[in-house]
2 protein chains.
Amino acid sequence: MDWEQIEVKLDQLMAESRHGQLRGALMMLNPVDIAGYMKKLDKEKLLLLFRVLPKDVSADVFSYMDTEQRQTLVESIADAEISALIDEMFVDDAVDFLEELPANAVKRVLQNTDPKTRAIINQFLKYPENSAGSLMTIEYCEVTQEMSVKDALKSIKETGVDKETVYTLYMLDDQRRLIGAIPLHKALVVPEDTALSKLVDPGIISVNTMDDQEVVADTVRKYHLLSIPVVDGEGRMVGIITNDDIMDVIEEENTEDIEKMSGLAPAEEPYFKSKIITLAGNRLPWLMILMFTSIVSGAIIAKFENVLAVNILLSASIPMLMDTGGNCGQQASTLMIRGIALGEVQFKDVFRVLWTEFRVGLLIGLCLSLVTFVRLLLLNGASLIMAGVISFSLFATVVIAKSIGCILPLGAQRLKMDPALAASPLITTLVDAASLFIFFTVASKFVL
Amino acid sequence: MDWEQIEVKLDQLMAESRHGQLRGALMMLNPVDIAGYMKKLDKEKLLLLFRVLPKDVSADVFSYMDTEQRQTLVESIADAEISALIDEMFVDDAVDFLEELPANAVKRVLQNTDPKTRAIINQFLKYPENSAGSLMTIEYCEVTQEMSVKDALKSIKETGVDKETVYTLYMLDDQRRLIGAIPLHKALVVPEDTALSKLVDPGIISVNTMDDQEVVADTVRKYHLLSIPVVDGEGRMVGIITNDDIMDVIEEENTEDIEKMSGLAPAEEPYFKSKIITLAGNRLPWLMILMFTSIVSGAIIAKFENVLAVNILLSASIPMLMDTGGNCGQQASTLMIRGIALGEVQFKDVFRVLWTEFRVGLLIGLCLSLVTFVRLLLLNGASLIMAGVISFSLFATVVIAKSIGCILPLGAQRLKMDPALAASPLITTLVDAASLFIFFTVASKFVL
């Protein structure tokens, strides 16, 4: 049965109010798919379906629903019901959800939850957004130096944490300081009386509660971890961050970088969920700034009015110079921004990068300007001097664009600014001004 | 001890040839860090360090080393030694490594490996690059419908697969067809005599050997999986792909998208490892194409030479029009490309997107052109007509740029082309031509 057939079947069961069967059918589906199906339901049906779900499944489905739908649900069900849901959810998902609610609603909802859950959640809500602390969960398995494999398996069974977070055991000393991690698979292939201390992975890899999520993602990716422990300022273990949350962080960081590279303020909401005024507001600041900086290029053109009057080929070459320069600069800056994000390039490499880009620029500049020189002579009937002036300006533009394009992101990183912010729009404007200046200076020397 | 101190210590032990101690020190480090340390060693020291490592650690370290260093090692050690290394490595890592080697070296190396390993690796090497088949590994736990939790734990211990791939048990029927997946954590919290069939997750999620790695990554991310089973054309299970490989795929796909958006051919090698000629070659094709398309803009300027002669403010406005149009188009296309990549936007949304972008364009166009109108009147002493012509052209440019910017990526997706390819450079050129055409048409009507 493909997905469309499943949806038709679910629609039918809902329409006919056969709740027993509906419940049975839903139990055969993945919570992610149930959340997907709920997207197209109206408020009334959404509520019905949610109430039909078994309680443990509903907490899972709720974690996968999008913000808008959660809000619809929350408005319709009683506070006590929400509180029960939160008790059932994993702490990291519950914190995620509560961060979406208005402050007074959070207070109201938390009043009805289990006091222990409430205490933990209240503490988690204090961590800054996008910090390791705000991402972590407390559902993990802790062991001591004295325990054996058998003890660990017993402890897993007793705590009953039904989540993939049990796949790494964290060994703590009596001060709750992290002293090592043991991958569960190591414990499963040895005799049960083996001491856990013999299975500890070399080196302790952890992050601090206040570390940014980018640091967390980089560390997890570097060491190929399933989960990473989070410690407080005194080295005491306070939680772990799981791989699925890290994947979301990676996509988030990538989206943010890409948006910044195109002069967009990072969006808080998915495209279709955003208001027109928000979409416009995210784009306007950079457009306004860049519009004003491009006046510089205009001023250069105005200043050399007399040069332009000499031959229409000069005016006609302006778009080619500006576009090619912008594209060259963008290529170089993109490589730098990506290299910095993946940890391949750093500020200390600046001279090496510059030397590389300089030679790449020479090579590309030579190719492009040769083609242009021939094109001008053969197709546009330009004079040798005219073709030379335009081709040389193109050559110089390419070399300069490559250099500006690689220096700006590296410089931004050095100044602790975001490299992606120094990207294409700003570079385009700088390169435009530089290339026009070269063009007119050369032209006024040889053509006037 | 921080990392620098550790490196100093290792350098010292190497220099003094204290191999026993060096071996002991290395065993305290994470294989990722050992591979990192090896990066700065010369060939001789690299070889020494590698031979000092315990055998099981060396296979792990080898998996984390970069291509260049692996090649250095392979050139220096005997084929038999490489073959032993391959026997020790996980199949997916071994296949990765062998794909880097020249064909005759692969044959030579495989001759000495265990015949079973050789058969598997030979089969894996046949899958197309970037397919699910080429990413998968065969180290996973399979169970049958009749087995209990106790049987499964026994089977894990017997096969002794020492990898996180044991965290999902795959249930196969007697035809080796996949009938369900059981997360190991579910099995660890129930009595040992529980039947595994009671713990199977609802719904079967799998990919086909020939599926592209992008499909694999999207599925894993959607369902928050630790590993995903791979089946052949007949639904028989042939392997699994693990989460750490998926993370690498996600970063690779993101890098490729970002590069394409800037008109770069995707790079095969890291920046500093690439030759200048390769770097230039990756960038030249699009630059050449876009240089020629920008001639269209030049031709439009040349055609309206007489209009430009009327007032220098007209020439001076060209960079502002071109830059703002390009930036607006790029913003819209970036949002579309990212939306498509994350599955938030599809071709069927084209009218909804167009309507959204149209209204965003109106709003932004109004803001920018109003500011420009006032600027031209107050700062540049333009006439009402002149300011009106330039501002109106800017307004129209913004609206058109937003529309082109959103349609192109969606259209590319519809034509089964890569949306990222239809991105900023091409859009800039199209928008340039459109905005200049509007500008001169309006200007020649009102100014001449």
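This report walks through a predicted two-chain model, from its symmetry down to single residues.

**Two copies**

Start with the whole assembly. Chain A can be superposed on chain B by a rotation of 180°, with 0.0 Å of shift along the axis. The RMSD of that superposition is 0.1 Å. The two copies are therefore related as by a two-fold rotation axis. Both copies use the same surface: 100% of the contact residues of chain A recur in chain B.

**Domains of chain A**

Chain A is assigned domain 1 (3-129), domain 2 (141-242) and domain 3 (271-446). Between the C-alpha centres of domain 1 of chain A and domain 3 of chain A there are 51 Å.

**Helix α18 of chain A**

Helix α18 of chain A covers residues 312-341, which makes 30 residues. From its first C-alpha to its last it reaches 45 Å, close to the 44 Å expected at 1.5 Å a residue. Yet α18(A) has a kink of about 30° at Ile318(A). The proline Pro319(A) comes shortly after that kink.

How much of α18(A) is covered? Most of it: 28 of its 30 residues are buried. After α18(A) comes Gly343(A), with a positive phi near 75°.

**Nonpolar cores**

In soluble globular proteins, nonpolar side chains tend to be buried together. In this model, the largest nonpolar core has 121 residues. Which members touch the most other members? They are Met336(A), Ile364(A) and Val398(A), along with Met336(B), Ile364(B) and Val398(B).

Take Val398(B) as an example. Leaving aside residues up to four places away in sequence, Val398(B) touches Thr324(B), Cys328(B), Gly361(B), Ile364(B), Gly365(B) and Leu368(B). A second, separate core holds 73 residues, including Tyr140(A), Leu225(A), Leu199(B) and Ala217(B).

**Helix α5 of chain B**

Helix α5 of chain B spans residues 55-64. Its buried residues are Ser58(B), Ala59(B), Val61(B), Phe62(B) and Ser63(B). They pack against five helices of chain B: α3 (31-38), α4 (43-52), α6 (67-76), α7 (79-88) and α8 (91-100).

**Positive phi in loops**

Two residues other than glycine have a positive phi. For Asn130(A), phi is near 65°. Asn130(A) sits in the loop between α10 (115-124) and α11 (132-135) of chain A. For His224(B), phi is about 50°. The loop holding His224(B) runs between α14 (213-223) and β5 (227-231) of chain B.

**Partly exposed residues**

Is a residue buried or exposed? Counting neighbours decides it. A residue is partly exposed when its count of other C-beta atoms within 10 Å falls between the exposed limit of 12 or fewer and the buried limit of 20 or more. Four residues are listed here.

| Residue | C-beta neighbours within 10 Å | Class |
|---|---|---|
| Asn130(A) | 16 C-beta atoms | partly exposed |
| His224(B) | 19 C-beta atoms | partly exposed |
| Glu81(B) | 17 C-beta atoms | partly exposed |
| Arg414(B) | 13 C-beta atoms | partly exposed |

With 13 neighbours, Arg414(B) is partly exposed because exposed requires 12 or fewer. With 19, His224(B) is not buried because buried requires 20 or more.

Two of these residues lie in helices. Glu81(B) belongs to helix α7 of chain B. The C-alpha atoms of Glu81(B) and Thr113(B) are 9.7 Å apart, with their positions 32 residues apart along the chain. Arg414(B) belongs to helix α20 (residues 384-414) of chain B. Its C-alpha atom and that of Lys348(B) are separated by 9.1 Å, although the two are 66 residues apart along the chain.

Technical notes: Residues are numbered from 1 along each chain as its sequence is written. Chains are lettered from A and ligands numbered from 1 in the order in which they are written. This is a predicted model: local features need pLDDT of at least 70, side-chain atom pairs count only at pLDDT 80 or more; totals for chains, interfaces and linings use all residues. Copies are superposed by least squares on the C-alpha atoms of residues with pLDDT of at least 70 in both. Two residues are in contact if their C-beta atoms, placed from the backbone, lie within 7 Å. Domain bounds come from an automatic or database domain assignment. Helices (H or I, at least four residues) and strands (E, at least two) are DSSP runs, numbered from the N terminus. The expected span of a helix is 1.5 Å times one less than its number of residues. The bend at a residue is the angle between axes fitted to the seven residues ending there and the seven starting there. A nonpolar core is a set of buried Ala, Val, Leu, Ile, Met, Phe, Trp, Tyr and Cys residues joined through C-beta atoms within 7 Å.
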